[in-house]
Amino acid sequence: MRPIPYGRQDISQKDIDAVVEVLRSDWLTQGPAIERFEDSLTTYCGVKHAIAVNSATAALHLSCIALGLGRGDRLWTVPNTFVASANCGLYCGAEVDFVDIDSRTYNMDPEALRAKLILARQAGTLPKVVVPVHFAGQSCDMAAIRALSREFGFSVIEDASHAVGARYQGRPVGNCQYSDLAVFSFHPVKIVTTGEGGVVLTNDDRLAEFARMLRSHGITRNPTQMEGKPPGGWYYEQHALGYNYRMTDMQAALGASQMYRLDAFIGRRRELVARYDRLLTGLRLILPYQDPVAESSWHLYVIQTRSSKDGRAEVFCRMREAGILVNVHYIPVHMQPYYRRLGFAEGQFPVAESYYASAISLPLFPTLTEQQQDHVVGTLRAVL
Ligand SMILES: *Cc1c(COP(=O)(O)O)cnc(C)c1O
């Protein structure tokens, strides 16, 4: 049997045709396919603006700049995430800190957030931006986080990299009902892919306009936005220090084509999850908990081992030896050497650390077959 990865893309002939069509057209970068892809995202999510960029990391960075995050400001996120959710704060010269997670959902714990905010208010160190991460595709408790954002005066960027196609309170994640901005990732292990890619979503016209300008060097070609009188059709103005974070039209065409398949992808992930739940019941494992107000997009299926000390390393090793490429999400960001050098230490976020010590992500992707899944379950059963 070929090794089974923990995640992988599903590219159809239609997806390929969409990319090839762009290659034969006049536009290779940021052309008509970008607009189509952005429209498919705003329509799906029920949000006003979508700004496609070349990664979710870029989307997080632009979101932070658009909110005015800078030196002397603070950004808080969770330790249980990919490093990009925290790095975006450092890019802007802000200080980064973390809020511990809930032991059931593995998402930002609103109670831990409230407790930390109360202390920060006393110390005069309130954050400007908080970045909740919808871990594994399950939405955070956004109503609670939004209530705190109003009470303590911070902005919210949802890192929804895992949560394309997920729902919260019956509505699509990415609609920004409880946030200022949200970002998706289109990396190949995520729910839909553009190879590399990301998007900024927002209902705020001003933030959208700023993010759009920053995506392309901080330059505008729109005569109504110019400070000087345009001397001719060649004229453009740079208004801010932006970047080249543009997505190519090939990528956007792939993304737009994949968006037609999003609901099918999620449906298949749900079937596989239901099967894992059924087949793994009764083993010495903690299976994923689902919050009744959130419908996960199931980017990841994470189990926790319950055996004594370092049972996880053993399980991980034996699964890998059997050709099952399990993974671990995530090494708490504050335990990374780079963050330790900034002053963080083990023991600061005990829930995220204890979760990390026993977590394993099992293979989950739309083209995973039941036969492969049976092999994963059988191997896990034997190892335990
Ligand atoms: C994948 C991921 C990112 C970064 O996405 P890229 O598109 O690879 O830049 C950020 N945050 C989280 C939670 C992710 O899983």
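# Notebook: cavities, pockets, one helix and some odd backbone

I began with the largest cavity, which 14 residues line; Tyr106, Phe135, Ala136, Pro288 and Gln290 lie nearest its centre. I note here that the model is predicted. The space in this cavity comes to about 110 Å³. I sorted its lining by class and got nine nonpolar residues, four polar and one charged.

**Other cavities**

How many cavities of 30 Å³ or more are there? I count three. The second largest holds about 90 Å³. Its lining has 13 residues, and nearest the centre I find Glu158, Tyr168, Pro172, Val173 and Asn175. By class that lining splits into six nonpolar, five polar and two charged.

**Largest pocket**

I then turned to the open spaces. The largest pocket has about 510 Å³ of space. I list 21 lining residues for it, with Gln30, Arg212, Arg215, Ser216 and Ile219 nearest the centre. Which elements each supply at least two residues of this lining? They are α2 (32-45), α7 (205-215) and β10 (219-220). The class split is six nonpolar, eight polar and seven charged.

**Second largest pocket**

The second largest pocket comes to about 320 Å³. It is lined by 22 residues. Thr57, Phe82, Ser185, His187 and Lys190 are the ones nearest its centre. Helices α3 (56-66) and α4 (84-91) each give at least two residues to the lining. The largest share is that of α3, with three residues. I sorted this lining too: eight nonpolar, 11 polar and three charged.

**Helix α5**

I checked the length of α5, residues 110-123. Its 14 residues should span 20 Å at 1.5 Å a residue. The end C-alpha atoms are 20 Å apart, so the two values agree.

Which residues of α5 are buried? I find Pro110, Leu113, Leu117 and Ala120. Seen down the axis, the buried residues of α5 fall within an arc of 80°, so they line one face of the helix. On the other side, Glu111, Leu119, Gln122 and Ala123 are exposed.

**Cysteines**

I searched the whole structure for disulfides and found zero. Why does Cys92 have no such bond? The closest cysteine sulfur, in Cys64, is 4.9 Å from the sulfur of Cys92, and that is too far for a bond. The cut-off is 2.5 Å.

I looked up how accessible some cysteines are. Cys92 has 13% relative accessibility, so I enter Cys92 as buried. Cys317 has 41%, so Cys317 goes down as partly exposed. The limits I need here are under 20% for buried and over 50% for exposed.

**Positive phi**

Most residues other than glycine have a negative phi, and most peptide bonds are trans. I therefore list the exceptions I looked up.

Gln169 is one of them, with phi near 50°. Gln169 sits in the loop between β6 (167-168) and β7 (171-172). Is Gln169 buried or partly exposed? Its relative accessibility is 33%, so Gln169 counts as partly exposed.

Cys176 is not a glycine either, yet its phi is positive at about 60°. I place Cys176 in the loop between β7 and β8 (181-185). Cys176 has a relative accessible area of 5%, so I enter Cys176 as buried.

**Loop between α10 and α11**

Two entries belong to this loop. The first concerns a peptide bond: the one from His329 to Tyr330 is cis, with omega near -5°. Tyr330 has its place in the loop between α10 and α11.

The other is Ile324, in the loop between α10 (311-321) and α11 (337-341). Is Ile324 buried or exposed? Its relative accessibility is 0%, so Ile324 counts as buried. I also took a C-alpha distance from Ile324 to Gln373. The two residues are 49 apart along the chain, and their C-alpha atoms are separated by 10.0 Å.

Definitions and conventions:
Residues numbered from 1 in each chain as written. Predicted model: local features only at pLDDT ≥ 70, side-chain atom pairs only at ≥ 80, totals over all residues. Heavy atoms only, no water. Buried < 20%, exposed > 50% of the residue type's maximum accessible area, 1.4 Å probe, protein only. 1 Å grid on protein atoms, 1.4 Å probe; cavity = no way out; pocket = protein on both sides within 12 Å on 5 of 7 lines; lining within 4 Å. Points joined across faces, edges and corners; volume = space filled by probe spheres on them. Helix = DSSP H or I, 4+ residues; strand = E, 2+ residues; numbered from the N terminus. Nonpolar A, V, L, I, M, F, W, Y, C, P; charged D, E, K, R; others polar. Expected span 1.5 Å × (residues − 1). Arc of directions from axis to C-beta.
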